[in-house]
Amino acid sequence: MDSPDPKGYASEQGQRYFFSKRAQYQLDICKIKSVKYALKYVCVFIESSADDASKGETNPGLQSSVSVDTCPSMEEADDREEDDKPKEILIVDPDTDELDMNHQRIGKLENLEPLTKVERLYFRWNFIKKIENLETLVTLRELELYDNQITCIENLDSLVNLEILDLSFNRIREIKGLENLHNLEKLFLCANKISRIENVNHLKKLTLLELGDNKIRASFSIPDLLSCISYERHLRKPTSKYQSIEFVTRLFHLQVIENLEGLDNLKCLYLGKNKITKIQNLETLKTLDVLSLQCNRLTKIENLETLTELDQLYLSENGLTRIEGLDKNLKMTTLDLANNKIRVIENVDHLAMLEEFWMNDNLVDDWTSIETLNSNKKLVTIYLEHNPVFKDPNYRRKIKISLPWVSQIDATLCR
């Protein structure tokens with residue numbers, strides 16, 4: 001006995017309708033680039049043909065070239081498509097003091113008015129393009145908009161109690177819009193497209209400023225221009241395009257540290273992975289504990305005399321050739337000079353508080369320079385791997401003999 005055919009797929013009229021419609025849609029389906037939309041298109045066609053075709057006798061021998069079983073998977077595809085769309089913010093508890101919306105595919109800051117007591121907002125890893133609709137959140141103390149699509153710092157004037165602001169990993173090009181944030185203590189702006197340090201001098205309570213992985217460079221001035229012209233006059237006439245490029249680089253890419261005056265309470269300054277060519281303009285930061293200038297274009301350690309409270313100094317991945325300029329930094333416990341071009345360990349014997357000394361990936365080839373660390377009795381960790389001395393078969397043994405109080409050599413603890 002033939003099985004029932006409630007939708008008429010196997011009836012004679014249904015067959016004619018099915019194949020005629022398939023011929024009409026075949027070309028269109030081939031033009032669709034996405035496979036899931038093509039399958040979805042076929043699924044819609046099958047259901048429409050089933051509704052329009054009249055019911056008739058069954059024909060068990062007919063095998064449709066397109067299976068109706070594809071339809072449920074298309075519903076799942078629709079669900080995934082819905083999940084890909086930016087979501088809205090829904091407030092469940094208006095009295096909460098913390099709202100965590102990390103990785104929720106939020107497309108816009110909105111519907112936050114009911115939050116009358118909120119102190120911490122977290123919107124990491126979303127699709128937010130604009131800072132807006134925060135005017136009523138006067139109790140807010142911490143705002144994280146890490147890893148979004150924000151291009152401008154704006155609409156923060158009403159957040160007068162804000163203490164922590166994280167706008168890292170966005171598309172911001174200019175530091176501005178912070179005029180009313182006098183209580184701000186920590187400002188994170190790493191991995192943006194900021195080209196100049198500015199508009200932060202009024203943040204008197206700021207203790208941490210993170211500007212790593214940006215494009216910090218100085219504004220162009222007449223003295224800079226004259227200096228470059230003078231430099232060019234002393235060069236012989238360029239004989240290749242590369243010498244011309246060198247001059248243009250000096251002329252237009254004068255990267256410096258600037259506009260940090262007034263930050264009397266700043267303790268941590270992170271400027272790694274920029275294009276800074278000189279350590280300067282830090283004289284007013286007398287309370288600075290941590291200074292990070294990793295992965296820049298420095299060639300000399302200088303202008304650190306006034307930073308007498310400096311505890312940690314990170315200068316790895318630069319072009320340094322000498323250890324110098326640390327005479328007044330007697331409280332330093334961590335010194336990172338890895339991945340430079342330093343040949344001799346010197347001018348650190350006065351650093352009696354030094355505990356961490358990182359000198360890996362340099363050019364140290366003389367064991368006598370390591371003996372200069374005999375005065376650093378508090379030294380706990382020393383990194384010297386990937387220097388010429390590292391090739392010595394007795395490398396670890398010699399360090400242990402010279403510095404018996406050290407408890408870690410490179411990444412390995414001493415026995």
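## E309 and its partner K331

E309 has a relative accessibility of 32% and therefore counts as partly exposed. In this predicted model, the side chain of E309 meets that of K331 in a salt bridge, with an N to O distance of 3.0 Å. E309 lies in the loop between β8 and β9, while K331 lies in the loop between β9 (312–314) and β10 (334–336), so the salt bridge ties together parts of the chain that are 22 residues apart in sequence. K331 is also partly exposed, because its relative accessibility is 43%, and partly exposed residues fall between the limits of 20% and 50%.

## Salt bridges around β3

A second pair is E163 and R141, whose closest N and O atoms are 2.8 Å apart. E163 sits in the loop between β3 and β4 (164–166) and R141 in the loop between β2 and β3, so this salt bridge joins parts separated by 22 residues in sequence. E163 counts as partly exposed because its relative accessibility is 24%. R141 is partly exposed too, with a relative accessible area of 36%.

The salt bridge between E144 and R124 has its closest N and O atoms 2.5 Å apart. E144 belongs to strand β3 (residues 142–144), whereas R124 is in the loop between β2 (120–122) and β3; the two residues are 20 apart and the pair links distant parts of the chain. With a relative accessible area of 12%, E144 is buried, since the cut-off for that class is under 20%.

## Salt bridges in the whole structure

The structure holds 11 salt bridges. The pairs described above are among them: E309 with K331, E163 with R141, and E144 with R124.

## L263, a buried loop residue

L263 is located in the loop between α5 (241–252) and β7 (268–270). Its relative accessibility is 0%, so L263 counts as buried. Leaving aside residues up to four places away in sequence, L263 touches V200, N201, L203, L206 and L285.

K204 is 59 residues from L263 along the chain, and the C-alpha atoms of the two are separated by 5.5 Å.

## A negative surface patch

E261, E283, E305 and D327 form a negative patch on the surface. One of these residues, E283, is found in the loop between β7 and β8 (290–292). E283 is partly exposed, as its relative accessible area is 37%. That value passes the requirement of over 30% for patch residues.

## The chain as a whole

The chain contains 7 helices and 14 strands. Of its 415 residues, 39% are buried; L263 and E144 are examples of buried residues. The exposed area of the chain is about 22,300 Å², and carbon and sulfur atoms supply 50% of that area.

Contacts in the chain between residues at least 6 apart in sequence include 33% that join residues at least 24 apart.

Terms used: Residues numbered from 1 in each chain as written. Predicted model: local features only at pLDDT ≥ 70, side-chain atom pairs only at ≥ 80, totals over all residues. Heavy atoms only, no water. Helix = DSSP H or I, 4+ residues; strand = E, 2+ residues; numbered from the N terminus. Buried < 20%, exposed > 50% of the residue type's maximum accessible area, 1.4 Å probe, protein only. Contact = heavy atoms within 4.5 Å. Areas by Shrake-Rupley, 256 points an atom, 1.4 Å probe, with all protein chains shown as cover. Patch = residues over 30% accessible without salt bridge, like charges linked within 9 Å, V, L, I, M, F, W, Y side chains within 5 Å. Salt bridge = Lys/Arg side-chain N within 4 Å of Asp/Glu carboxyl O. Lys, Arg positive; Asp, Glu negative; His and termini not counted. Charge placed at Lys NZ, Arg CZ, Asp CG, Glu CD.
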